Number of protein chains: 2
Amino acid sequence: MDPNEVQHSHCLEMTMEVHQVLPPPHKTTLHKLNNRLKETFFPDDPLRQFKGQPLKTKLILAAQYLFPILQWGPKYTFKLFKSDLVSGLTIASLAIPQGISYAKLANLPPIVGLYSSFVPPLVYAVLGSSRDLAVGPVSIASLVLGSMLRQEVSPTGDPVLFLQLAFTSTFFAGLFQASLGILRLGFIIDFLSKAILIGFMAGAAIIVSLQQLKSLLGISHFTNQMGLIPVMTSVFNNIHEWSWQTILMGICFLVLLLLARHVSIKKPKLFWVSAGAPLVCVIISTLLVFAIKAQNHGISVIGKLQQGINPPSWNMLRFHGSHLGLVMKTGLITGILSLTEGIAVGRTFAALKNYKVDGNKEMMAIGFMNVVGSSTSCYVTTGAFSRTAVNNNSGAKTAVSNVVMSVTVMVTLLFLMPLFQYTPNVVLGAIIVTAVIGLIDLPAAYNIWKIDKFDFLVMLAAFMGVLFISVQGGLALAVGLSTFKILMQITRPKTVMLGKIPGTNIYRNLHQYKEAVRVPGFLILSIEAPINFANITYLNERTLRWVEEEEDNIKEQSSLRFLILEMSAVSAIDTSGISLFKELKSTLEKKGVELVLVNPLAEVIEKLKKVDEASDFRHADSLFLTVGEAVASLSSTMKSQSPAILGGAHTIV
Amino acid sequence: MDPNEVQHSHCLEMTMEVHQVLPPPHKTTLHKLNNRLKETFFPDDPLRQFKGQPLKTKLILAAQYLFPILQWGPKYTFKLFKSDLVSGLTIASLAIPQGISYAKLANLPPIVGLYSSFVPPLVYAVLGSSRDLAVGPVSIASLVLGSMLRQEVSPTGDPVLFLQLAFTSTFFAGLFQASLGILRLGFIIDFLSKAILIGFMAGAAIIVSLQQLKSLLGISHFTNQMGLIPVMTSVFNNIHEWSWQTILMGICFLVLLLLARHVSIKKPKLFWVSAGAPLVCVIISTLLVFAIKAQNHGISVIGKLQQGINPPSWNMLRFHGSHLGLVMKTGLITGILSLTEGIAVGRTFAALKNYKVDGNKEMMAIGFMNVVGSSTSCYVTTGAFSRTAVNNNSGAKTAVSNVVMSVTVMVTLLFLMPLFQYTPNVVLGAIIVTAVIGLIDLPAAYNIWKIDKFDFLVMLAAFMGVLFISVQGGLALAVGLSTFKILMQITRPKTVMLGKIPGTNIYRNLHQYKEAVRVPGFLILSIEAPINFANITYLNERTLRWVEEEEDNIKEQSSLRFLILEMSAVSAIDTSGISLFKELKSTLEKKGVELVLVNPLAEVIEKLKKVDEASDFRHADSLFLTVGEAVASLSSTMKSQSPAILGGAHTIV
């Protein structure tokens with residue numbers, strides 16, 4: 001024993017006056033409930049800035065909260081505008097081809113994609129709190145919308161009805177998103193964990209790419225299903241339909257686009273290469289088709305598009321009829337998905353530039369944006385990963401870049417639509433494929449595998465589910481799995497045996513800290529979860545097993561005298577949990593082992609007291625503040641008292 | 001500052017050499033998985049006794065495990081038999097009238113109730129591991145079975161089909177119970193918490209009693225529904241059907257039975273009073289009816305019952321046809337309910353007599369018992385609260401008392417059935433009411449209200465649900481609520497601010513321990529839940545809010561220098577959780593605040609290391625074993641270093 005330790009043990013002797021375990025000051029149930037609700041719905045305490053302000057300021061703050069444009073608008077300068085102009089034009093050049101492509105992905109007329117890149121960005125510019133978010137249709141939501149509606153209505157068979165359902169779904173999506181924000185239930189989207197999203201997006205990317213085989217191979221009879229198997233079969237059953245001209249053209253542009261993407265990844269400064277590429281490809285391919293009349297050589301083109309900006313569509317919303325259920329379901333799922341993407345993107349770039357986006361506020365903005373969209377011929381829109389990145393790279397400063405984009409789109413809608421008549425579908429396919437390939441994030445997947453095998457399993461479930469069951473099926477499966485994991489953590493909480501770290505008063509996991517040693521006569525367990533109905537049976541069995549194993553180890557029974565439960569990690573307890581102690585205590589007393597609790601947290605001690613106001617929890621030897629004090633003071637009593645007396649000692653519960 | 005403290009601070013100086021945070025020794029994923037599975041499915045380690053035994057012993061142990069009768073059988077003595085005989089006869093006197101009554105409650109022919117008190121007890125005597133459990137039909141399961149099947153088939157309209165469905169449901173119930181045991185998924189029934197059961201039983205008791213109004217008032221046209229409203233309406237719509245003779249008789253016997261019950265509650269020694277009362281009432285009432293030919297004066301009687309023991313019924317099991325779904329659902333719910341009751345009763349009395357019942361083993365026993373029952377004209381059976389209590393009071397020593405009971409029932413079936421021909425239904429109604437009234441446990445309800453308001457809410461949900469929605473609806477609602485609570489505890493974990501308890505090295509909740517004081521320059525938070533995808537957003541927002549509030553309190557920003565996260569209560573973490581630290585750290589560094597982790601548990605430190613093998617977690621000032629050491633060593637560095645240097649200090653993640 002080195003001098004150091006001597007000092008310690010010397011100290012321990014001195015520090016060994018015992019500290020009481022105190023309950024928290026009494027609070028009324030109402031007050032507690034109030035607290036609980038605040039923590040649940042207002043963790044960020046959004047009203048803090050309002051406190052102690054004069055009414056006028058309060059009103060201004062409120063207005064600014066609802067319309068963030070009032071915050072940055074007044075300070076807006078021409079200098080800012082210049083950079084916003086550049087970035088706005090850049091994302092427009094990306095938005096136009098992507099808009100057309102994604103609309104086709106959702107089985108909607110291409111022009112709806114452009115409509116959706118016109119109105120929503122304007123709405124967001126007024127309501128949104130992110131400075132970088134580039135708003136418009138996105139691949140995932142488009143895919144899901146299209147595939148879900150297609151289950152009941154054929155987009156080719158009854159295009160009008162399909163369009164109506166699409167707008168109605170958009171309406172419900174927006175309604176749902178907005179209400180999530182207003183009711184401050186934003187945390188619901190947290191259940192789509194990173195792992196789930198990675199798996200889901202990879203799966204979706206593959207599904208989307210597979211769908212593009214239709215236009216890339218020039219097949220005219222293509223399956224309506226999304227699954228891996230049906231698509232592949234219909235691809236190879238229609239080999240006779242493959243058109244070499246289309247395939248050739250497809251490959252060329254695909255290579256071109258992938259090269260551009262590669263360049264921009266290698267040299268972020270050259271972001272504009274990949275940003276401009278799609279538009280360039282569209283122009284080139286259109287000219288090409290026009291020049292060589294390729295449409296007569298088996299290359300399908302978009303065809304005539306009507307001109308003019310968004311027609312109103314509130315008369316197309318259907319809140320009745322047989323498809324209402326489907327429409328609401330579609331709205332719900334596309335709503336959650338697009339919300340998740342939008343919020344995630346917003347947060348990411350806010351963190352980069354060190355400003356804050358209020359999740360619930362964003363939800364209201366995006367939701368309202370979609371509600372408005374649904375009545376102006378737009379389908380589900382949100383902040384898109386790819387475009388936002390470009391927006392940020394090209395130096396966007398405020399939401400004005402969104403305005404610039406939407407004006408550009410408007411000009412296109414008004415005057416340039418005829419130009420797209422000869423745009424070949426194959427190039428749109430190529431654009432989509434290049435866009436979604438970025439959603440497959442293998443390094444992240446590997447990282448998850450390295451850190452947490454179960455998360456990897458969840459990710460895999462989402463991935464496989466999307467590929468082989470269905471888009472929403474995969475999501476449900478993954479969410480179910482990860483919720484189940486949480487429940488299992490509660491039903492099977494960890495109980496670890498603690499030992500003393502020599503020369504200190506610190507008790508730690510024997511398995512983690514090899515130098516820690518057991519204290520003869522004591523069994524010290526730490527319970528690492530809230531104690532409730534779901535785990536009392538387990539905890540009871542498990543604890544008794546610890547005790548029995550301990551008794552087997554040390555042959556003469558009598559020498560195990562105290563079971564110390566270190567409760568620092570028991571954050572909550574319910575009535576069943578309380579009864580556990582009663583039970584444990586009586587079982588242990590029959591074995592002549594005394595139950596001792598260490599450091600029960602506020603809620604626990606409070607409830608323990610309530611069980612039986614009479615019984616006193618303060619007395620020296622069934623409640624302690626630290627394991628060290630418990631062991632020290634109990635071993636001293638051990639020397640003095642006889643086991644018999646101790647056996648039936650003070651009642652805790 | 002009293003001398004004591006001087007000593008301490010003196011000590012602290014000395015004890016202030018810093019201890020490392022160590023990861024647990026490396027384990028393979030397979031090994032971990034193995035551990036996890038063991039903890040999940042074999043917490044009681046049932047194979048422990050087999051370890052290191054010769055094969056022969058192993059076989060014997062295995063046989064004894066499967067057939068507990070092999071354990072106590074050999075040691076069985078005549079002395080034991082005498083007490084078992086007494087108790088057996090006592091519970092038989094209770095089982096016969098209850099059997100008949102409960103069968104009627106399930107809309108089954110009365111005799112099925114007796115069948116169910118004959119075979120299952122014999123099976124349980126061989127397989128069961130409880131010495132006190134008295135097996136037979138029970139009120140709750142009977143009620144649920146009857147009400148659920150009645151949704152699709154009318155017991156009066158098509159009695160044969162109804163009987164077939166009842167037996168098939170029983171088969172599925174047994175199958176489900178047994179497989180729960182075999183797959184060791186017993187913990188599923190834990191989700192029916194005490195609170196739920198109290199509420200549910202009270203509700204069920206009321207429903208059952210209301211159903212008895214039919215026989216108590218002598219109404220012939222009675223509703224088929226269970227709900228409070230429909231029953232009351234049909235009672236008062238049929239006032240003209242009320243027969244005063246029946247009502248009079250009913251009141252008399254009800255008073256008689258309630259008195260008997262009261263006596264036994266007051267004087268437990270007189271348990272036989274309430275135990276015998278039902279049979280006595282049946283005999284008296286039967287004689288009365290027979291004597292005064294009351295059946296001709298508007299008093300309905302059971303009528304002719306065929307004689308003889310259980311006919312085989314495996315030919316009546318229907319595994320096809322339209323009702324299969326209903327039957328499986330009924331089996332599932334009645335299975336869970338009867339299992340819960342059986343296990344609970346078993347555990348309670350095992351605890352009283354200080355022996356163990358293996359939950360999963362019991363499930364197999366009860367399950368197998370019901371499977372056998374379903375093919376011998378029995379419906380769902382389990383261990384009944386009331387009868388088991390009587391059994392125990394009347395001095396039962398082993399499962400032989402069950403055998404005695406079933407033999408008595410057999411004798412009844414063979415020879416005494418004609419005697420029941422004139423038994424009035426009203427007395428059966430009275431028996432049921434008296435039996436179920438005991439299920440309403442107001443003190444327990446009050447106790448729950450006192451301890452945990454949310455549990456009370458759950459209880460109320462179960463109660464109201466049963467009364468106004470439906471039996472299974474009420475259950476589902478309550479289980480949903482309590483699961484939701486668990487999830488909320490994870491999504492909104494507690495974060496509390498710690499302070500130093502003067503004169504010690506102990507840091508505790510400032511709100512709970514008023515004497516605790518803050519340490520200038522430090523913000524010490526303890527996170528009281530596993531960190532995962534469901535709560536990182538919240539934790540991030542909440543922590544930053546703590547920091548900001550702290551910065552508002554202490555005006556000159558610079559003076560907040562360290563955020564210490566006390567991780568002792570973070571029992572688990574996933575990939576999202578890991579990313580939280582990365583995010584927090586970068587945000588805090590911008591504020592010139594350094595993030596410090598204290599005592600991360602095995603799993604957490606392990607994963608933190610995996611994130612980036614390169615970065616070293618052992619270096620002095622971003623990981624500490626105790627808050628005390630962290631504060632001490634960091635404040636010393638504070639004196640020496642300049643904030644600038646500290647600000648961008650070592651990377652944790």
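Two strands pair if DSSP finds at least two bridges between them. Strands (E, at least two residues) and helices (H or I, at least four) are DSSP runs, numbered from the N terminus. This is a predicted model: local features need pLDDT of at least 70, side-chain atom pairs count only at pLDDT 80 or more, and totals for chains, interfaces and linings use all residues. Residues are numbered from 1 along each chain as its sequence is written, chains are lettered from A and ligands numbered from 1 in the order in which they are written, and side-chain values use heavy atoms, with hydrogens and water left out.

**Exercise 1. Trace the sheet of chain B, then place a helix on it.**

Step 1: Order the strands. The open sheet of six runs β4-β3-β5-β6-β7-β8 in chain B, with mixed pairing.

Step 2: Find the edges. β4 (507–509) and β8 (623–624) of chain B each pair on one side only.

Step 3: Check one pair. β5 (residues 522–527) and β6 (residues 562–566) of chain B run parallel, joined by five bridges. Within this pair, B:L523 stands opposite B:L563 in β6(B).

Step 4: Add the helix. Helix α23 (residues 575–590) of chain B packs on the sheet and touches β6 and β7 (594–598) of chain B. Contact means heavy atoms within 4.5 Å. The direction of α23 makes about 140° with that of β7(B). Axes are lines fitted to C-alpha atoms, for helices over the stretch in contact; angles run from 0 to 180 degrees between N-to-C directions.

**Exercise 2. Describe how α14 and α16 of chain B pack.**

Step 1: Take distance and angle. The axes of α14 (residues 324–352) and α16 (residues 385–393) of chain B come within 10 Å and cross at roughly 25°.

Step 2: Classify. Angles under 35 degrees count as roughly parallel, over 145 as roughly antiparallel, 65 to 115 as roughly perpendicular and the rest as oblique. α14(B) and α16(B) are therefore roughly parallel to each other.

Step 3: List the contact. B:E341, B:V345, B:F349 and B:L352 of α14(B) meet B:F385, B:T388, B:A389 and B:N392 of α16(B).

**Exercise 3. Relate chain B to chain A.**

Step 1: Superpose. The fit is by least squares on the C-alpha atoms of residues with pLDDT of at least 70 in both copies. A turn of 180° and a shift of 0.0 Å along the axis lay chain B on chain A with an RMSD of 0.1 Å.

Step 2: Conclude. The two copies are thus related as by a two-fold rotation axis.

Step 3: Locate the axis. In chain B, the C-alpha nearest the axis belongs to B:A569, 2.0 Å from it.
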